[in-house]
Each structure stands twice: as C-alpha cells, then as structure tokens.
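I opened the model today to look up the metal site, the pocket and the sheet, and I kept these notes as I went.

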Amino acid sequence: MFQIKKTLLVSMLPALLSVALVTSVKASSEHHQHAKDLNFGSFTKENVLLTPKDYREWIFVGAPVTPNDMNDGKPAFPEFHNVYIDPTSWNHWKKTGEFRDGTVIVKELTSVGTKESASGNGYFPGEFNGIAAMVKDSKRYPDKPGNWAFFGFESYEARQGIMQADDACAACHKTHAAQDMVFIQHYPVLRAAKPGEK
Ligand code: HEC
C-alpha cells in the first residue's frame with residue numbers, strides 16, 4: 001500500500017513541480033510588467049519633448065507613404081511614415097483600447113528610395129530622414145486638443161523637439177483621425193490588438 005502511494009507521489013512530482021514553476025514564472029512576469037510601467041517621454045522644464053531614443057525598439061504599428069509622384073510633388077511628408085508607440089502605452093491599449101496619459105507616438109520619416117526591385121515595381125524605403133512625434137498628457141498639456149502635443153524635430157541630433165501650433169498639426173488630426181486624434185484607420189496592428197475588435 002505504502003509502496004503504491006510512494007510511486008503515486010513520484011509520478012505526480014513533475015506535475016507538482018510544473019505548478020510551482022508556472023506560479024513563479026507568473027509572479028516574475030507580473031513583476032516584470034510592473035517594472036516596465038514607465039513613461040517613455042522625457043521633457044524639458046517647459047514640457048517640450050526631448051528627442052526620443054531607441055524608439056525603433058518600441059511597437060511598430062505601420063508605415064503609410066505619401067510619395068511625391070502621387071501628390072503633384074507636394075505632399076507634406078513625401079516619405080514613408082514609420083510609426084511606433086511606446087511599450088507601456090501599447091500594453092494599456094491592449095487592455096483598454098484607449099491611449100493613456102503619457103502615450104508617445106513617433107513617426108520616423110524614411111525617404112522613398114528605388115521604385116523597382118527583384119519583387120517588382122513599387123515604393124521601397126531609402127534612407128532615414130527625420131522624425132515627428134505626438135504626446136498625450138493631461139497634466140503637461142491641459143489646454144491642447146485631446147491633451148495631445150505635436151512636435152517637429154530639426155534633426156536626429158537636435159536635443160529637443162519644437163512644439164507645433166494647433167492649426168499646424170492638431171487640427172487635421174482632430175478632424176480626420178478615427179480615434180482620439182490618432183489615425184488608427186491606417187494601423188491594422190492597433191486595430192487587431194484593440195479589445196473587442198476583429
Ligand atoms: C492635413 C492633415 C495632417 C496634418 C496637417 C498633419 N498630419 Fe500627422 N498625420 C496625418 C495622417 C493622415 C496620418 C496617418 C497617415 C500618414 O502617416 O500619412 C498622420 C500621422 C501622424 C503621426 C502618427 C500617428 C497618427 O496619428 O497616425 C504623427 C506622430 C503625426 N502625424 C504628427 C504630425 C505632426 C507633428 C504634424 C505637424 C507638423 C502633423 N502630423 C500634421 C495627417 C496630418
């Protein structure tokens with residue numbers, strides 16, 4: 001009898017061990033999650049965004065392109081617009097389907113390079129050309145539409161952005177963007193991760 005019980009216990013050991021393991025992995029990932037709950041924007045005393053670093057390691061949500069030859073040579077941004085959202089705000093988006101206070105969205109501009117490659121004719125990314133960004137923060141920008149501030153940057157080397165007037169950027173976003181001044185209609189990655197969306 002005792003012998004049987006012992007065998008039973010031994011045969012259950014892997015299961016017991018894996019329960020313990022799962023519990024500890026879960027605990028550590030929750031801890032990890034919490035540790036990652038940081039804000040990615042850094043600001044001057046005047047609430048101007050410092051030039052973001054490492055955003056290419058954030059969540060990439062899409063790359064619209066408005067090329068010169070489809071816009072009479074006069075698009076506002078003739079490049080690919082590689083759009084990234086910071087990881088903390090991405091986690092919040094997945095849970096709530098909202099852009100939280102502290103959201104930083106960077107749009108990196110990449111020129112249209114060659115228009116043909118081994119795969120066919122098209123628009124192929126060329127070189128990095130600069131960035132633009134928007135930041136949602138009700139404490140820093142209580143008077144901005146949707147609490148979003150928009151920034152241009154003279155170059156990657158510039159230490160900080162240049163706050164844009166509402167009619168330069170925010171007005172168009174407010175009128176045409178599908179949710180909270182962000183053009184989620186152009187980002188299947190955001191739509192797919194939104195709770196309740198297919
Ligand atoms: C005439 C309308 C218009 C104006 C003005 C405009 N944008 Fe946008 N912006 C868009 C559209 C449309 C997209 C998405 C598609 C694309 O990138 O072409 C976009 C995308 C963005 C994104 C990525 C997040 C998102 O909402 O899609 C950022 C960041 C951004 N714009 C910043 C700026 C800044 C900074 C300015 C002012 C210097 C500006 N925009 C002016 C229309 C506009």
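Entry 1, the iron. Which protein residue is the donor of the iron atom of the ligand? I found that H173 is the only protein donor, with its NE2 atom at 2.2 Å from the iron. I keep in mind that this is a predicted model, and that water is not among the atoms, so the site may look incomplete. I then looked up where H173 sits in the chain, and its place is in helix α3, which covers residues 170-176.

Entry 2, the pocket. I turned next to the largest pocket, for which I noted a volume of about 770 Å³. Its lining is made up of 30 residues, and those closest to the centre are F77, H81, K107, H173 and F183, so that the iron donor of Entry 1 appears again in this list. Which elements give two or more residues to the lining? I wrote down β2 (80-85), β3 (104-112), β6 (125-136), β7 (148-152) and α3, and of the elements it is β6 that gives the most, with four residues. When I sorted the lining by residue type, I had 23 nonpolar residues, six polar ones and one charged one.

Entry 3, the sheet. The strands named in Entry 2 led me to an open sheet of six strands, in the order β1-β2-β3-β6-β7-β8 and with antiparallel pairing. At its edges I found β1 (59-62) and β8 (162-163), each of which pairs on one side only.

Entry 4, the pairs. I went through the pairings in the order of the sheet. Between β2 and β3, which run antiparallel, I noted six bridges, and H81, a residue I had already listed close to the pocket centre, has L109 in β3 as its bridge partner. The antiparallel strands β3 and β6 are joined by eight bridges, and here V106 stands opposite A133 in β6. For β6 and β7 I noted five bridges, again in the antiparallel sense, with K136 partnered by W148 in β7.

Entry 5, a helix on the sheet. Which strands does helix α2 lie across? I found that α2, residues 87-96, lies across β1, β2 and β3, and that it runs at about 75° to β2.

Methods:
Residues are numbered from 1 along each chain as its sequence is written. This is a predicted model: local features need pLDDT of at least 70, side-chain atom pairs count only at pLDDT 80 or more; totals for chains, interfaces and linings use all residues. Side-chain values use heavy atoms; hydrogens and water are left out. Donors are N, O and S atoms within 2.8 Å of the metal (3.2 Å for Na, K and Ca); water is not among the atoms, so sites may look incomplete. On a 1 Å grid over the protein atoms alone, a cavity is a set of points where a 1.4 Å probe fits but cannot get out, and a pocket is an open set with protein on both sides within 12 Å along at least five of seven lines; lining residues have an atom within 4 Å of a point. Grid points are joined across faces, edges and corners, and a volume is the space filled by probe spheres set on the points. Ala, Val, Leu, Ile, Met, Phe, Trp, Tyr, Cys and Pro count as nonpolar, Asp, Glu, Lys and Arg as charged, and the others, Gly among them, as polar. Two strands pair if DSSP finds at least two bridges between them. Contact means heavy atoms within 4.5 Å. Axes are lines fitted to C-alpha atoms, for helices over the stretch in contact, and angles run from 0 to 180 degrees between N-to-C directions.
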